[in-house]
Structures are given as C-alpha cells and as structure tokens.
Amino acid sequence: MSIPAKFRDVLQAKDPEYLKAVAEGNAKAQPSFQLIYSPHLETHLEAYSMDGYDRVVESIEEMEAGSEEQEIAMATLANFSETIEIMDAGRIILPKSIRERAGFDMDKGEELMLTGSVTHFRIYTMPAWENYQVELTRKLAARGAGFNPMTLTNRKKGAAA
C-alpha cells in the first residue's frame, strides 16, 4: 500500500534516524514508523511517527513502576508493534500476519482507508471506516444540536467528559 504524501512528510520530519542519515548524505535513507496492531484495536491499526512512538513509551515509563497498568502497556507495545520502513514512492508492505490480525483481506481487493488522528494515523478497511463514521456521528448527535466538539479540548487529562 502507499502512504499519502502529507503523512510521509510528517513521518520523515519525525524520524530522527532518517533525518540523521539524510544529514550524513545517505541518499538511500528511508523513514520508518511504528505500527501498533494490538488486540484492543478491533477495527483498525495505529501508526505513530518514531518521535510519537517515543512519547508513548515515555508516558508508559512515567506510570507507576511495576503497576499492572504499566505492565499491560509495556507488554502491548513489546508484543504488538512493529517498525515499518517506507520504501521508494511511499510504499509499505504490511506483513501478512498483521493483515490477518487486523482482518484485512487483500486477496479480495479490499480497499484500505488511512485517516489522521492528531497524534497518529489509523488504517481501516473501508467497511470498518464507514462503521466508525456512523458511530462518531451517533456520538456527536447524542451531545445535542449545536454541540461543538472543540470544547472537549479544554478538559484536563483524567477529567470526566
């Protein structure tokens, strides 16, 4: 599959190893990103820039040491994430094991949707993306006419919605 140029630009800018290789004159350098395919992601995959992934790891390290929550978060990243290199022309290869875990059936010509999510991007099958859109619309409608989702940005971490 191909990563859209606007996503590639961000991934390149947020990959310190790639930037270092380019600065050293390595014309064959390719940016990478971290792909998370954990079982909790029932409908999609999540992709983080290398810097973004480092911030996720740092937030886990800041959790209470030895806590069950920290152990779960560490194990999830250790067991269900993989570094993916972006090849020439922005193409990537999703390993078959990851495609199968995500329910992506590429043999049937299934289309995938890549969508930004502020801190990362997500990869959905088209039916899963359409279902997500319906669910999001339902959640917004439940907040009432005139609800402005941007008001949620004023909330502190851990505050009730």
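Trainee: In this predicted model, leaving aside neighbours within four places in sequence, which residues is L45 in contact with?
Mentor: The near neighbours in sequence, those within four places, are set aside before the list is drawn up. What remains for L45 is L35, I36, Y37, L94, I98, A102, F104, F121, R122 and I123.

Trainee: Which residues have the most contacts inside the largest nonpolar core?
Mentor: The largest nonpolar core has 19 residues. L45 belongs to the group with the most contacts inside this core. The full group is I3, F33, L35, L45, F121 and I123.

Trainee: Which elements each supply at least two residues of this core?
Mentor: Both helices and strands are on the list. The helices are α1 (5-13) and α5 (96-102). The strands are β1 (32-36), β2 (44-49), β4 (112-116) and β5 (121-125).

Trainee: How many residues has the other core, which lies apart from it?
Mentor: Among the members of this other core are I36, Y48, A73 and L77. I36 is also in contact with L45. The count for the other core is seven residues.

Trainee: How many salt bridges does the structure hold?
Mentor: One is formed by E46 and R122, and another by K96 and E100. The side chains of E135 and R138 also meet in a salt bridge. The total for the structure is three.

Trainee: How many residues apart are E46 and R122, the pair that links distant parts of the chain?
Mentor: The closest N and O atoms of E46 and R122 are 3.8 Å apart. E46 lies in strand β2 and R122 in strand β5. Along the chain the two are 76 residues apart.

Trainee: Is E46 buried or exposed?
Mentor: Buried means under 20% relative accessible area. E46 has 10% relative accessibility, so E46 falls under that cut-off. Its partner R122, with a relative accessible area of 16%, is buried as well. The class of E46 is therefore buried.

Trainee: Why are K96 and E100 separated by about one helical turn?
Mentor: An α-helix has 3.6 residues a turn, so residues three or four places apart point the same way. K96 and E100 both lie in helix α5, and their side chains meet at 3.8 Å, N to O. Both residues are exposed. They are separated by about one helical turn because their spacing in α5 is four residues.

Trainee: What is the N to O distance in the salt bridge of E135 and R138?
Mentor: Both residues lie in helix α6 (residues 126-142), three residues apart. E135 counts as partly exposed at 32% relative accessibility, and R138 is partly exposed at 46%. The N to O distance is 2.4 Å.

Trainee: How far apart are the end C-alpha atoms of α6?
Mentor: The helix has 17 residues. At 1.5 Å a residue, the expected span is 24 Å. The end C-alpha atoms agree with this, being apart by 24 Å.

Trainee: Which residue just after α6 takes a positive phi?
Mentor: Most residues other than glycine have a negative phi. The phi just after α6 is about 100°. The residue there is G144.

Trainee: Which residue has a positive phi although it is not a glycine?
Mentor: The residue is found in the loop between β3 (81-85) and α5. At 64% relative accessibility, this residue counts as exposed. Its phi is about 65°, and the residue is A89.

Trainee: Which element gives the most to the lining of the largest pocket?
Mentor: The largest pocket has a volume of about 240 Å³ and is lined by 15 residues, with V10, V118, T119, H120 and F121 nearest its centre. The elements that give two or more residues to the lining are α1 and β2. With four residues, the element that gives the most is α1.

Trainee: What separates the C-alpha atoms of E62 and I3?
Mentor: E62 is found in the loop between α3 (50-61) and α4 (68-79), and counts as exposed at 67% relative accessibility. I3 is one of the residues with the most contacts inside the largest nonpolar core. E62 and I3 are 59 residues apart along the chain, and their C-alpha atoms are separated by 32 Å.

Conventions
Residues numbered from 1 in each chain as written. Predicted model: local features only at pLDDT ≥ 70, side-chain atom pairs only at ≥ 80, totals over all residues. Heavy atoms only, no water. Core = buried A, V, L, I, M, F, W, Y, C linked by side-chain atoms within 4.5 Å. Buried < 20%, exposed > 50% of the residue type's maximum accessible area, 1.4 Å probe, protein only. Contact = heavy atoms within 4.5 Å. Salt bridge = Lys/Arg side-chain N within 4 Å of Asp/Glu carboxyl O. Expected span 1.5 Å × (residues − 1). 1 Å grid on protein atoms, 1.4 Å probe; cavity = no way out; pocket = protein on both sides within 12 Å on 5 of 7 lines; lining within 4 Å. Points joined across faces, edges and corners; volume = space filled by probe spheres on them.
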